[in-house]
Structures are given as structure tokens and as C-alpha cells.
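Visitor: I'm new to this one. Could you take me through a close look at a single part, and then show me how the rest fits around that part?

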Amino acid sequence: MRFLYLLFILISVQSIQAQNQFTVDETPYKTALESAKTQNKPLFVMLFADWCPHCNKMKKEVFSDPNVMTFLNKNYICVWKNVDKEEGTALKNKFRTTSLPAFLFLDSNENLLYALKGEMKTADFLTEASNALNPKLQLPYLEKQFLADPSNSNAYFAYLNSLKKGRDRNEIAIPTHIYLNTQSDAQLVSETNWRIIANGVTDINSREFQYVLKHQNEFAAVASQKRIDRKVESIVNELLRPLVDNLDTVNYYKQREVAKSIRLQKTDSLVFKFDLTLAERTEKWQFYKKVTLEDTQKLVWSDASFLKDIGQTYLKHISDAESLKKSILWVKHSIELNDSYDGNLLLARLYNKIKDKKTALKYAKDAKVICTEMTWSTKDVDTLLAELNSK
């Protein structure tokens, strides 16, 4: 009897778990849209991918909660679409979705009422899904209020704060420039307008950003120089990172000149690092060498880790002795900044590559001392020492 009782409990627990386990409903989008019209309900659309960890966590922790599903099914027609399948791909493209998971709240005419993106806690998601039912918190209403008086910063921020929850930066930039076009150059220099520029301006060539560059002292007085610097770095990142990620070398080399024209140390350092990333990913070692020989000491001289990264690349891909000697200088400086096992081992390998066995032995021994003191494995340095001692 006791065995049967335990078996009953186990089966009951498994049954409850199965009931709470979220499974994707394969209802076609067109069918869901028709249901929304006949039932006079909005649509809730989740766009996800099987490889997306944030999507999987939302399915496991939020959409497996009966309270969440009860709320959604009561108030919405729900659609779940994998962006790697035909309908999901079409919806992703239709609503210009680039981040996952994405949650779209639509009316039965497919107008976007509200949008969310990213991983959320259950309580936060329920709050947002409830807000999406409020007409005065929906995007069409907020947009209409803003466009009725584009110079009204309060209306702009209300619209912006809703847009930011689920739309991309390029969409945020549109109302930002509508608002800023109502402001004279002199009016740009205020705490409110700085916040608007910082949040919504993404175009490096825009009037507003160029005005910030030329009047940094005035903006620093209403914000701070640190905030100005962060915005400058951010806008260069937004300009160049997508081109590097997509290996778009043609447009990258055009746009890097725009970024370089800013002529600030911080932006030059960013461009330098993007140059090296692109050169590595496209295996343009001559370009990598040219950039590093010109600017390493000027732009990353205080970054010990980055100096070692450059040295490692030279060790693997650069062969001429004069350039290798330059990389040795950089790695030596890195261990002056921060003496390290990997820095000394790298120097030993670089000296070995230019056939300076005596100096290579010195740095290999220094590397072993550090390694032994730290009780790390000495396998790599022992292999190099054996090679050096056998010559």
C-alpha cells in the first residue's frame, strides 16, 4: 500500500509539472488575426528562437506560470512564432525586430500598440502586459500626443520611454529629431535637451551631435564632461560596430574617416580597436601591422592587456624582424605596467621568433618563476625551455 501511495504522489507531481510546462501553440498567424477580429481582442505575439537563452528562460519561468497564461488568454489572442521558421521570419521582418525575445502587442488591424524586448521577471511582464491594454499608454496615442506639439519635451519623453521598451535605436531617433528640429542651436544647451540628445541621437553627422562636439564646454556645464565623453564613444560604436560585425569593409573604411574626423583621443582609440578587430577577422595582416606600428604607443600605451593581445597577434601572423622587435617593445611595456606570467612567456616566444635565444631564455625563466610562485601548471613554459635548451 505504501508503495502504491508513493507512486500516486509521484504521478501527481509529474502531472502538475506537465500542466505547468509551457508549450508553443502552432496556431497560424492569419487564423489568430481572424480570431482577434471576431473576439474583439488585441494580439499578443512572442517572437523567439530555440537558440536564444533569454527566450528559453522566459518560456520556462514566465509563460509556464498559470497566472501569466490565464491573464494573456483572457485579454489577448496569443501567437508564438519561431523566427527561424517561415511565419516567424515574416513577422520579424514585418515589424523590424532585431532583438529576442520580442513581444508585440497588436490590434486586429496589425497596428503596433506596445512592444517589449528582452528577458523579464514574471511580475514585470504582467505589469507591462497590463499597461499594453491601456489606450493612453499605447504607442499610437503617445505618438499622436507628441506630434500635436513636437516642441513639448514631456510628450516627447512619454513617447520615448514607451518606444525604448521594445523598439530599436534607429526608431527612437525619428521622434528625437522631430523634437530637436523645434529647438534652436542655443536652446540645445540645456539639461533637458542634453538628455534628449544622449538618449535619441544616433547620427554622427546630425546637426545636434556636431553642435555638441563644437560646444563641449557648454554642454559639460549642464551635464558633465564624463557624460559627453560617453555619448561620443557611444555614437562611434553605433556607427562602426555593425559594419565590423557584418565584415562590411567597404562601408567601414568610409565611415571610419567620419569617426576619425572627430579628432579626440577616445574616439581615435575606439577606431584603432575596431581597425584591429576587422583586420583580424578578415586576416588583413599587412593592414593590422600598419595600424599598430602607427598608433599603438599613441592610443593604447597604458593598456597592458591590449598590448599583450597585439603581441600575440604578431607572434602568430607577423614575420619580419623589425616589426617583431617593435612588438617586443610593446609587450615589455605591458610587464612594466603589470608584471605577469603570460607577458614574460610571450616575450620569450617573440625573442625566440627573432632567433635571440639568450634573451628568450631569460624571459622564459622569469615566466617559470612567476608560474611556480602562483602554483600554476608550468607545462607551457617547460615546453619552451626544453625547446630553447635543445638548440
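Guide: Let's start with one helix and work outward from there. Keep in mind that this is a predicted model.

The part I'd pick is helix α8, which covers residues 153-163. Eight of its eleven residues are buried, so α8 is largely enclosed by the rest of the structure. If you want to find them, the buried ones are S153, A155, Y156, F157, Y159, L160, S162 and L163. And what does the covering? Among the elements over those residues are strand β4 (112-117) and the helices α7 (139-148), α9 and α11 (191-200).

One of those covering elements, α9, is worth a stop. Helix α9 runs over residues 169-180 and contains I178. With a relative accessibility of 33%, I178 counts as partly exposed. Together with L147 and I174, I178 makes up a nonpolar patch on the surface, and the three share about 260 Å² of accessible area. There are charges to look for as well: R96, R167 and E171 are joined in a network of salt bridges.

Now step back to the whole chain. You can count 22 helices and four strands in it. Its radius of gyration is 29 Å, well over the 21 Å that the globule rule gives for 391 residues, so the chain is more spread out than a compact globule. Along the principal axes, the C-alpha trace spans about 85 × 85 × 35 Å. Buried residues account for 44% of the 391. The accessible surface is about 21000 Å², and 51% of that belongs to carbon and sulfur atoms.

Inside, the largest nonpolar core holds 80 residues, and F44, F63, L72, F103 and F125 have the most contacts within it. Helix α14 (residues 225-245) gives this core its largest share, eight residues. Take L72 as a sample: leaving out residues up to four places away in sequence, L72 touches F44, F63, C78, W80, F125 and A129. Apart from that core lies another one of 38 residues, including F306, I310, I318 and I354.

For a look at a single histidine, try H333 in helix α19 (residues 321-337). H333 has a relative accessibility of 14%, so this residue counts as buried. Setting aside neighbours within four places in sequence, H333 is in contact with W301 and L307.

Last come the salt bridges, 22 of them across the whole structure. In one, the side chains of R207 and D185 meet at 2.5 Å, N to O. R207 sits in helix α12 (residues 207-214) and D185 in helix α10 (residues 185-188), so this pair ties together parts 22 residues apart in sequence. Another joins K273 and D303, whose closest N and O atoms are 3.9 Å apart. That pair links distant parts of the chain, 30 residues apart: K273 is in helix α16 (residues 265-282), while D303 is in the loop between α17 (285-299) and α18 (304-317). A further bridge brings D382 and K368 together at 2.8 Å, N to O. Here D382 belongs to helix α22 (residues 379-389) and K368 to helix α21 (residues 357-373), so parts 14 residues apart are tied together. D382 is partly exposed, with a relative accessible area of 29%, and K368 is partly exposed at 30%.

Note on methods:
Residues numbered from 1 in each chain as written. Predicted model: local features only at pLDDT ≥ 70, side-chain atom pairs only at ≥ 80, totals over all residues. Heavy atoms only, no water. Patch = residues over 30% accessible without salt bridge, like charges linked within 9 Å, V, L, I, M, F, W, Y side chains within 5 Å. Areas by Shrake-Rupley, 256 points an atom, 1.4 Å probe, with all protein chains shown as cover. Salt bridge = Lys/Arg side-chain N within 4 Å of Asp/Glu carboxyl O. Helix = DSSP H or I, 4+ residues; strand = E, 2+ residues; numbered from the N terminus. Buried < 20%, exposed > 50% of the residue type's maximum accessible area, 1.4 Å probe, protein only. Core = buried A, V, L, I, M, F, W, Y, C linked by side-chain atoms within 4.5 Å. Contact = heavy atoms within 4.5 Å. Rg over C-alpha atoms; globule rule 2.2 N^0.38 Å.
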